[in-house]
Amino acid sequence: MKINLLDCFEDTVKHRMQETAVVHGSETITFQELQDQAQSLANMILDQTDGCYHSPVAVFLPKEIAAVIADLGVMYSCNPFMNLDVKTPADRIANILALVRPCAIITNSKYAEKLGEVSIPVIRMDERNDFMTHRDWQLAERRTKLIDTDPFCLINTSGSTGTPKGVVLNHRSFFDFMDWAFETFSFDGTEVMGSLSPVVFDIFDFELCMLMLKGARLVLLDASMAIFPARLLEALNQNQVNFIFWVPSIMVNIANMDLLEKIPVPSLRMIWFAGEVFPTKQFLYWYDRVEHATFVNLYGPIEITLDCTYHVIRERPEEEKPLPIGIPCRNTDILILNSEDQCCKPEEEGELCVRGTSLAMGYYNNPEKTHAAFVQNPLNSSYPELIYRTGDIVYMSEDGQIEFKGRKDSLVKHMGYRIELGEIEHVVINDLKLVKYCCAVYNYARKEIVLYYEKSEEISGTEFRKAFSKVFPAYMIPSVYIRMDLLPRNTNGKIDRLYLKNEINK
């Protein structure tokens, strides 16, 4: 019986001790070295936190081999890891730390300065003793008490009040998804993964599990490569990457630049994508030029461990039709509910809800938000059974495929990140105090955030962006700013968000 992911990692290390586990540029690390350094760091965590247990440990490092060591080190200490983006503004990091209250922050001397003064123990990896093993017996003893419903990691997602929500995922839900992935796609450990997603994405956690459970090689690709897609494709070829799991944005850019004609990628065998809609026209560019690869469209919010539906593209789709999000992953049930909480008929649109092992445990230190999103299954009044309401509107086609239509509320996926538009509005009005009234909407055709604001005189886009850059990561900063003397209101006197949304998406 599988109980925790570390046990599987140790089995992998026994069989692949001297094989390369992680590659970052010219740097590499073997499985044995990875295990040794992770255990050393776990000793350090126990020393500097008075042996914290089942308490989040934050990791504030750029995407490099040290970040992989850090995540594994936190696991060895029997605590869930919480990766933070080093590019996130200090105020937002402070909000996350205040809500989650991790027992420690792992970083290095360079990024410790960016954290400023914090009341949480700061563990600098560049000061650790690689031979610190005096607590190894304690690490082993602690792991005997670890069970599969214990937290594995926390992933922060956008929140409407200006503070992200920490989604808690456990070992069991990762086992559930990974077992499905291994059986469905016959992964065998020969995979070389081109890892482009930031460490704060659940895709990175999947890649980490591929390394731990199957011994797949993890090739870390710098985010800067997305700006120069040709370098990205060259890196795939140099490292003989045969599997990628990317957000479609970069793939769309590669298609628009016609780069696959100049730099083919013959080693690619498996191409997964998720996080946002992949326009069919640009998808077909990839489909026609990487004919030897299997393409899979996956769907799932962070509250569902990794993904809950998938569609293997076995035939060339029609350009004018969107790609379906497919069918449920094994051991996951999808409910499509109408406004009366009844099951929708085929072709009838409703909210996609999920039940099963894949559900997150909730939001860390946030019972109110947890109870609002994880609710009793309205189709079952006989015993407690939670479902997660995604807020996504879908329908079931006549051929049994789930088709995505859009968002029920103001939550959007942009550049692979999930963004609560209400958070942008909250910060503009309450924190930055730039205007009294505003409304953020999403232009799906142009893939950009648009901010409507009410003011007698215009505020320049430069002024907006300068203020936003102090509190938001780049992906949350609106691209377009539209001034109005008076924002449209509905009959209740509230800003007519639907009207503005329809205007920008005409």
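**Residue environments in the predicted model**

Apart from neighbours within four places in sequence, K63 is in contact with H24, S195, L196, S197, V199, F204, L220, L221 and D222. The model is a predicted one, and the residues described below were examined one at a time. K63 is located in the loop that runs between strand 3 (57-59) and helix 3 (65-76). Although K63 is buried, it has no salt bridge. The nearest side chain of opposite charge belongs to E207, at 4.8 Å, and a salt bridge is counted only within 4 Å. The polar contacts of the K63 side chain are instead with backbone oxygens: that of S195 is reached at 2.7 Å, and that of S197 lies 2.5 Å from a polar atom of the side chain. Both S195 and S197 also appear among the contacts of K63 listed above.

D202 belongs to helix 8, which spans residues 202-214. With a relative accessible area of 12%, D202 is buried, because residues under 20% are classed in this way. Not counting residues up to four places away in sequence, D202 touches I155, I302 and L306. Of these contacts, I155 is 47 residues away from D202 along the chain, and the two C-alpha atoms are separated by 7.3 Å.

I263 is placed in the loop between helix 11 (259-262) and strand 12 (270-273). The relative accessibility of I263 is 13%, so this residue counts as buried. When neighbours within four places in sequence are left aside, the contacts of I263 are A230, L233, E234 and N237. I263 and L233 are 30 residues apart in sequence, and their C-alpha atoms are 6.7 Å apart in space.

H311 is found in strand 14, residues 309-313. H311 is buried, its relative accessible area being 16%. The side chain of H311 is joined to that of Q401 by a polar contact of 3.3 Å. Beyond residues up to four places away in sequence, H311 touches F295, V296, N297, P324, I325 and G326, as well as Q401.

Backbone geometry was considered next. Most residues other than glycine have a negative phi. N331, which is not a glycine, has a positive phi near 65°. N331 lies in the loop between strand 15 (327-328) and strand 16 (332-337), and its relative accessible area of 44% makes it partly exposed. K433 likewise is not a glycine and has a positive phi, of about 55°. The position of K433 is in the loop between helix 14 (421-431) and strand 24 (437-443). K433 is exposed, with a relative accessible area of 61%.

At the surface, M1, I3 and I147 make a nonpolar patch of about 350 Å². M1 is part of the segment before helix 1 (5-16). The relative accessibility of M1 is 88%, so M1 counts as exposed; the cut-off for this class is over 50%.

In summary, K63 is buried without a salt bridge, and its side chain reaches the backbone oxygen of S195. D202 in helix 8 is buried, as are H311 in strand 14 and I263 in the loop after helix 11. Positive phi values occur at N331 and K433, and M1 contributes to a nonpolar surface patch together with I3 and I147.

How values were computed: Residues are numbered from 1 along each chain as its sequence is written. This is a predicted model: local features need pLDDT of at least 70, side-chain atom pairs count only at pLDDT 80 or more; totals for chains, interfaces and linings use all residues. Side-chain values use heavy atoms; hydrogens and water are left out. Patches are made of residues with over 30% relative accessible area and no salt bridge: like charges are joined within 9 Å, nonpolar side chains (Val, Leu, Ile, Met, Phe, Trp, Tyr) within 5 Å. Accessible areas come from the Shrake-Rupley method with a 1.4 Å probe; for residues, only the protein chains shown count as cover. Helices (H or I, at least four residues) and strands (E, at least two) are DSSP runs, numbered from the N terminus. Buried means under 20% relative accessible area, exposed over 50%, partly exposed in between (1.4 Å probe, protein chains only). Lys and Arg count as positive and Asp and Glu as negative; His and the chain ends are not counted. A polar contact is a pair of N or O atoms within 3.5 Å; within protein, one must be able to donate a hydrogen and the other to accept it, and residues adjacent in sequence count only if both atoms are side-chain atoms. Contact means heavy atoms within 4.5 Å.
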